[in-house]
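Welcome! Take a moment to turn the model around and get used to its look before reading on.

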Amino acid sequence: MSEPRPLGEPRSWPRDFTDRLTAPLPGVRALARIAREGKLRPVPEALRQIAELPFAPGSLPTAGPTTVALTWAGHASWVIRIGGLTVLTDPVWSRKILGTPARVTPVGVRWEDLPRVDAVVISHNHYDHLDAPTLKRLPRETTLLLPAGMAPWARRRGFTQVTDLDWWEGVELPAPGGAVRVDFVPAHHWSKRTLTDTCRSLWGGWVLTAPDGRRIHFAGDTGYGHWFEEIGRRYRGIDLALLPIGAYDPRWMLRPVHTDPEEAVRACQDLGARSLVPMHWSTFLLSAEPPLEPLHRVRAAWAATGRAREDLWDLPVGGSRVLAEV
């Protein structure tokens, strides 16, 4: 790993990060095809599955300086307890986000039940991962860790502890159990928030390393590709791989930017991760697959590998699990 960067460091970045794309963005023909086919939502009869989506909110686990625990708030939003810190990933507590139907399961953790939030990591600036109304709820001195080029966005909204990073860069967060290392790593995706800012900021995932070496990879939003093997090579001994399994149909359009369940299982193997933690499903219906299909397919794909069933952490929204200490 590289030497940690200073927290809050002012940085200068390229005008855009288009050269980091691993697949071309959809062009006019693709957009015309999707408009013609009209296939970006499940068919009406599949919507009956919404009532069966797993939702089981409970109390957050008791967490001390040596605890590593996860609670799924829904979509790509996690409450991670690590080294005595509470870290949120891509927090979206809003009922509805721009351009998308309202969430189909409630948020798994009530905002008022959260402990003090020590840090937030953001994977990229799409509205289902960067939710301004949710961030507005946080104290402005909360530590925000962001992709390169996003610090100005956060500072304009009054946040004072803002650090944006390039791929393979990291910082250390002081914690009761010892420093928690947080590294920004590549993903197969893109960024856009307005009509004029395509790829003006970077996108990626995060690796969180506890003081005792236990390690979590939060992939953010990503397609399948070569980066997973490289992340696994650089960050050995990943315990938990939080990987997206939803928003994948139609594949001809979404394959470059969203892993399907089978690709998520393969990515977990590429990372050398001990356990797969599925996410990015069961919350917002962003594409055409039936709501329960991602869960059925990831369970089947995991079983086909012969790996232990308990190493597939297919939590319900609101569910928690604690990683055993080494």
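This report walks through the sheets, a pair of helices and a few unusual spots in the backbone. Please keep in mind that the model is predicted.

**The seven-stranded sheet**

Let us begin with the sheets. A general point helps here: strands of a sheet pair through backbone hydrogen bonds, either parallel or antiparallel. One open sheet has seven strands in the order 6-5-4-3-2-1-13, and its pairing is mixed. At its edges you will find strand 6 (162–165) and strand 13 (320–323), each of which pairs on one side only. From one strand to the next, the twist averages 20 degrees.

For a closer look, find strand 2 (residues 77–82) and strand 3 (residues 85–89). These two run antiparallel and are joined by five bridges. Within this pair, I80 stands opposite V87 of strand 3.

**The six-stranded sheet**

A second open sheet is made of six strands in the order 7-8-9-10-11-12, again with mixed pairing. Here the edge strands are strand 7 (169–173) and strand 12 (275–279), and each pairs on one side only. Neighbouring strands of this sheet are turned against each other by 20 degrees on average, with direction ignored.

Strand 7 and strand 8 (residues 180–185) run antiparallel, with five bridges between them. If you want one residue pair to look for, try E172, whose bridge partner in strand 8 is R181.

**Helix 6 and what it touches**

Now move to helix 6 (residues 261–271). This helix lies across strand 10 (215–218), strand 11 (240–244) and strand 12, and runs at about 150 degrees to strand 11.

Helix 6 also packs against helix 7 (residues 293–305). Two packed helices are described by the angle between their axes and the distance between the axes. For helix 6 and helix 7, the angle is about 40 degrees and the axes are 8 Å apart. Why is helix 6 called oblique to helix 7? Angles under 35 degrees would count as roughly parallel and 65 to 115 as roughly perpendicular, so the angle of about 40 degrees makes this pair oblique. The crossing of helix 6 past helix 7 is right-handed.

Which residues make the contact between the two helices? Helix 6 contributes P261, E262, V265, C268 and Q269, while helix 7 contributes P294, R297, V298, A301, W302 and T305. One of these, C268, counts as buried because its relative accessibility is 0%, and buried means under 20%.

**Unusual spots in the backbone**

Some loops hold details worth a visit. D249 and P250 are joined by a cis peptide bond, with omega at about 10 degrees. P250 lies in the loop between strand 11 and helix 5 (251–254).

Two other loop residues have a positive phi although neither is a glycine. H75 sits in the loop between strand 1 (68–74) and strand 2, and C199 is in the loop between strand 8 and strand 9 (205–209). Their values are set out here.

| Residue | Phi | Relative accessibility |
|---|---|---|
| H75 | about 55 degrees | 1% |
| C199 | near 60 degrees | 1% |

Are H75 and C199 buried or exposed? H75 is buried, because its relative accessible area is 1%, and C199 counts as buried at 1% as well.

**A last look at the cysteines**

How many disulfides does a search of the whole structure find? The search finds zero.

Methods: Residues numbered from 1 in each chain as written. Predicted model: local features only at pLDDT ≥ 70, side-chain atom pairs only at ≥ 80, totals over all residues. Heavy atoms only, no water. Disulfide = S-S within 2.5 Å. Buried < 20%, exposed > 50% of the residue type's maximum accessible area, 1.4 Å probe, protein only. Pairing = 2+ DSSP bridges. Helix = DSSP H or I, 4+ residues; strand = E, 2+ residues; numbered from the N terminus. Axes fitted to C-alpha atoms, helices over the stretch in contact; angles between N-to-C directions. Contact = heavy atoms within 4.5 Å. Parallel < 35°, antiparallel > 145°, perpendicular 65-115°, else oblique. Left-handed = near helix turned anticlockwise from the far one by under 90°.
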